[in-house]
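Below are some comments on the model, set out as numbered points. They cover one helix pair, one strand with its neighbours, and the overall figures.

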Amino acid sequence: MQTHEETGMTVPRIDCYYLPLAAVSRLATLPVGKLTPVLVGDANVASFTALDSFDQFLRRSNRMLLEVNTSFELLSDDSLPLSQTVKGKVRFVSDLPNGPVKRALAGLSPLRSLQPVGSGERHQATLAFVDDNGKTHCRAHLMQATTQQGLAAAWVALQEIKGYGESLNALREHIRGLGGTTFRCDGLYEQLFPTHAAYNAKPKIIIASDETAFDAANRIISTYIPILRACEHGIIADHDTEFLHDYRIRLRKIRSVLSLFKGVYDDAQTADLKARLSRLAAPTGRLRDLDVYLLGKQGYYDLLPTSLHGGLDTLFGVFAAQRISEKAKLSRHLRSPAYQQEITYLAKRYARPQGIKRGMNADLPAHDYACSQIWKRYRTVCKVAARISSLTPDAEIHQLRIHCKKLRYLMEFFAPVFPKQAFKSLLKPLKGLQDNLGLFNDYSVQQESLGAFLVMLGKKRHGEDLEVAQSIGALIAVLHSHQLEERAKVVKSFAQFNRPKTQQTFNELFRPSKDDL
């Protein structure tokens, strides 16, 4: 099959169709009116492995990436495959050399590794449809894939030759007559790899406005536990750092339900479940901290002059060694009978919540409950943010970050019971404010962590230890400067978030009719 190499030209739109397997030989032999199909070049057979990130970025964007011998080929719904040659092992998009496939995959997170979806054999050939004078009017690029499990799919991409539009239309009708249907890569996954589980880190949780707050809380938690569990194998195998990151986010969201759904569960039961979830989260913290440092390694080097890089070399060498140890500890924890028993208990608990004790707000309609809780959180954010100035202690800014996070979680949980566009207009500026607060917090946490590392060095002030101490001291000073800059941006971000139109929308959507605020 012809592919678009690195020519700098725009890839033309192509009509693609699925073909019944029995129709492949008929397309290759039957004429289309006065046009005869002729095989161009030799048919090609090669082994392939389909790749995607664990969050199925390519599948969700209707594309499929194939590793074929020493090449990577990217299939899409309406164009010929992009192809480029690779050398060596490719785990991340960043491992690819510059080329059309790498450019097309620019939207895929550089932190996500490419994982095998399945393997098999790929057959491909190109047919030219020629007239009696040997002139080509159009082409059909045939591809058939057969997996190791024996599942197969065939599809064809039609390529127009300028000046022969009617011939292309005739070929389209011919293919439809053979049973051809519109090609979509997502359907290709279903045909070739039907048992490959679809992973969605951000599922749409449908909550009816008249559903009780108790049922809504249970639905959210029971949805997130399997997503959390799906990340366990990737953490243990250490495919990439995003498995742990996703695991912690889902666990944090589950814990937040217990904090944000006030009065939905019995107080004693809430306290017990919070304690259980905290114990699950505790073993993950240090490894995630080390991942953040190591992922941002180049950024730290960029902050300091070359004369201080020697100390950073030693520091990151220590971090890398600690990561190996922490990763092994967490893997043992996730494999342990105690962990498996606990996470299985929680999954069953929320899948069948009849035994969970209800609180005083359990039977409130989801819409009314959401309005009251979101309004309270919004008012708290406004009050805290209004006090922020250049003299505000860091602790109060950290509290604002926590209040914003709780507000956003509540809004995301209950989004299905409110108008979509109005909700979206509130979430975007809230996220901007959170981004500023997150950076402020990151700079603060990094300074504290690096300061603790200095204390660990103790009174040693010679050789490598002195060099490390000098580098850390300089790094803390730079991070502090960045933190001050981010503090100044917080006030501007809040003003952008809480502009009059936003205030009006919050009032219209969430303010209780008899609220006296």
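Is the crossing of α8 and α10 left-handed or right-handed?

1. The crossing of these two helices, α8 and α10, is left-handed. Please keep in mind throughout that this is a predicted model.

2. Two packed helices are described by the angle between their axes and the distance between the axes. For helix α8 (residues 242-260) and helix α10 (residues 285-295), the angle is about 130° and the axes lie 10 Å apart. That angle makes α8 oblique to α10, since the oblique class takes in what is left once angles under 35 degrees, over 145 and from 65 to 115 are set aside.

3. Which residues make the contact between α8 and α10? From α8 the participants are L244, H245 and R248; on the α10 side they are G285, L287, R288 and D291. By class, the residues of this contact comprise two nonpolar, two polar and three charged.

4. Strand β4 (residues 71-76) deserves a separate comment. Six of its six residues are buried, so β4 is largely enclosed by the rest of the structure. Burial here means under 20% relative accessible area. Both faces of β4 are covered: one side carries S71, E73 and L75, the other F72, L74 and S76, and all of these are buried.

5. What does β4 pair with on the β3 side, and how? Strand β3 (residues 63-68) runs antiparallel to β4, and six bridges join the two. Within this pairing, E67 has F72 of β4 as its bridge partner. The two strands form a hairpin with two residues between them. N69, in the turn, has a positive phi of about 55°.

6. β4 is also joined to strand β5 (residues 82-85), by four bridges and again in an antiparallel arrangement. F72 has Q84 in β5 as its bridge partner. F72 is thus a bridge partner of E67 as well as of Q84. β4 and β5 form a hairpin too, with five residues between the strands.

7. Now the overall figures. The protein has 18 helices and nine strands. Its C-alpha atoms fill a box of roughly 85 × 65 × 50 Å along the principal axes. Of its 517 residues, 49% count as buried. Among contacts in the protein with a separation of 6 or more, 72% come from residues 24 or more positions apart.

Technical notes: Residues are numbered from 1 along each chain as its sequence is written. This is a predicted model: local features need pLDDT of at least 70, side-chain atom pairs count only at pLDDT 80 or more; totals for chains, interfaces and linings use all residues. Side-chain values use heavy atoms; hydrogens and water are left out. Axes are lines fitted to C-alpha atoms, for helices over the stretch in contact, and angles run from 0 to 180 degrees between N-to-C directions. A crossing is left-handed if the near helix is turned anticlockwise from the far one by less than a right angle, and right-handed if clockwise. Contact means heavy atoms within 4.5 Å. Ala, Val, Leu, Ile, Met, Phe, Trp, Tyr, Cys and Pro count as nonpolar, Asp, Glu, Lys and Arg as charged, and the others, Gly among them, as polar. Buried means under 20% relative accessible area, exposed over 50%, partly exposed in between (1.4 Å probe, protein chains only). Two strands pair if DSSP finds at least two bridges between them.
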